[in-house]
Amino acid sequence: MRLLLPALLLAAAPALAQGLPASRADSRAWVRAEFGRADLNRDGVLSRGEVTRAVNRHYSRLSTGRSRILTNMWFNRLDGNRSNSISRQEAQGANAEFWARFDRNRDGRLGPREREGARAFLE
């Protein structure tokens, strides 16, 4: 089963669990911004190295081994076309899957119960 969050959402999961984006639009903007920060060479895709750096930026206390495991787990799940990179479309697609799973009433916002389920998933 493909996991629902882009690597960047996972990398910031502790922060997101506390302050989930208020709306689907906010979430899309957040993913765009995080993707832009992670895409160091500005080629429009994230390499494994760029994802590793993003994970290390958000989880500065991870050991090298745990960082590698976390990066590989999410990178492999998000690289749907097996191009050895994560495109903006793959990241936004995973974000859309997240919202499809947790925005049960499809209003574009996470209500209290929906937010509770999303927080539990992220943590």
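# Briefing on a Predicted Helical and Stranded Model

The secondary structure of the protein comprises 7 helices and 2 strands. The model described here is predicted. Read from the N terminus, its elements follow the order α-α-α-β-α-α-β-α-α. Of the 123 residues of the protein, 42% count as buried. Among contacts between residues at least 6 apart in sequence, 62% join residues at least 24 apart.

**Nonpolar cores**

- In soluble globular proteins, nonpolar side chains tend to be buried together.
- The largest nonpolar core of this protein contains 14 residues. Within that core, the residues with the most contacts are Leu46, Val51, Leu78 and Ile86.
- Two or more residues of this core are given by each of H3, helix H4 (48–58), helix H5 (64–78) and H6.
- Helix H5 provides the largest share of the core, namely 4 residues.
- A second core, separate from the largest one, has 7 residues, including Leu20, Trp99, Ala118 and Leu122.

**Helix H5**

- Helix H5 has 15 residues, which at 1.5 Å a residue should span 21 Å. The C-alpha atoms at the ends of H5 are 21 Å apart, in agreement with that expectation.
- The buried residues in H5 are Ser67, Leu70, Thr71, Trp74, Phe75 and Leu78.
- Viewed down the axis of H5, these buried residues fall within an arc of 120°, and they therefore line one face of the helix.
- Arg66 and Ile69 are exposed, and they lie on the other side of H5.
- Leu78, one of the buried residues of H5, is also among the residues with the most contacts inside the largest nonpolar core.

**Aromatic residues of the cluster**

- The protein has 2 aromatic pairs.
- Phe98 and Trp99 form an edge-to-face pair, with ring centres 6.2 Å apart and an angle of 80° between the planes. The pair counts as edge-to-face because the angle is over 60 degrees.
- Phe98 is buried, at a relative accessible area of 4%. Trp99 is likewise buried, at 1% relative accessibility.
- Phe98 also pairs with Phe102 in a tilted arrangement, at 5.0 Å centre to centre and 50° between the planes.
- Phe98 and Phe102 are separated by about one helical turn, because they are 4 residues apart in helix H6 (residues 88–102).
- Phe102 has 7% relative accessibility and so counts as buried.
- Through these ring pairs, Phe98, Trp99 and Phe102 are linked into a cluster. Of the cluster residues, Trp99 is also named in the second nonpolar core.

**A buried glutamate and its polar contact**

- Glu34 is located in helix H3 (residues 24–38).
- Glu34 is buried, because its relative accessible area of 4% is under the 20% cut-off.
- The side chains of Glu34 and Arg57 are joined by a polar contact of 3.4 Å.
- Helix H3, which holds Glu34, is also one of the elements that give two or more residues to the largest nonpolar core.

Notes:
Residues numbered from 1 in each chain as written. Predicted model: local features only at pLDDT ≥ 70, side-chain atom pairs only at ≥ 80, totals over all residues. Heavy atoms only, no water. Phe/Tyr/Trp six-rings, centres within 6.5 Å; stacked < 30°, edge-to-face > 60°. Buried < 20%, exposed > 50% of the residue type's maximum accessible area, 1.4 Å probe, protein only. Polar contact = N/O pair within 3.5 Å; in protein donor to acceptor, adjacent residues only side chain to side chain. Core = buried A, V, L, I, M, F, W, Y, C linked by side-chain atoms within 4.5 Å. Expected span 1.5 Å × (residues − 1). Arc of directions from axis to C-beta. Contact = heavy atoms within 4.5 Å.
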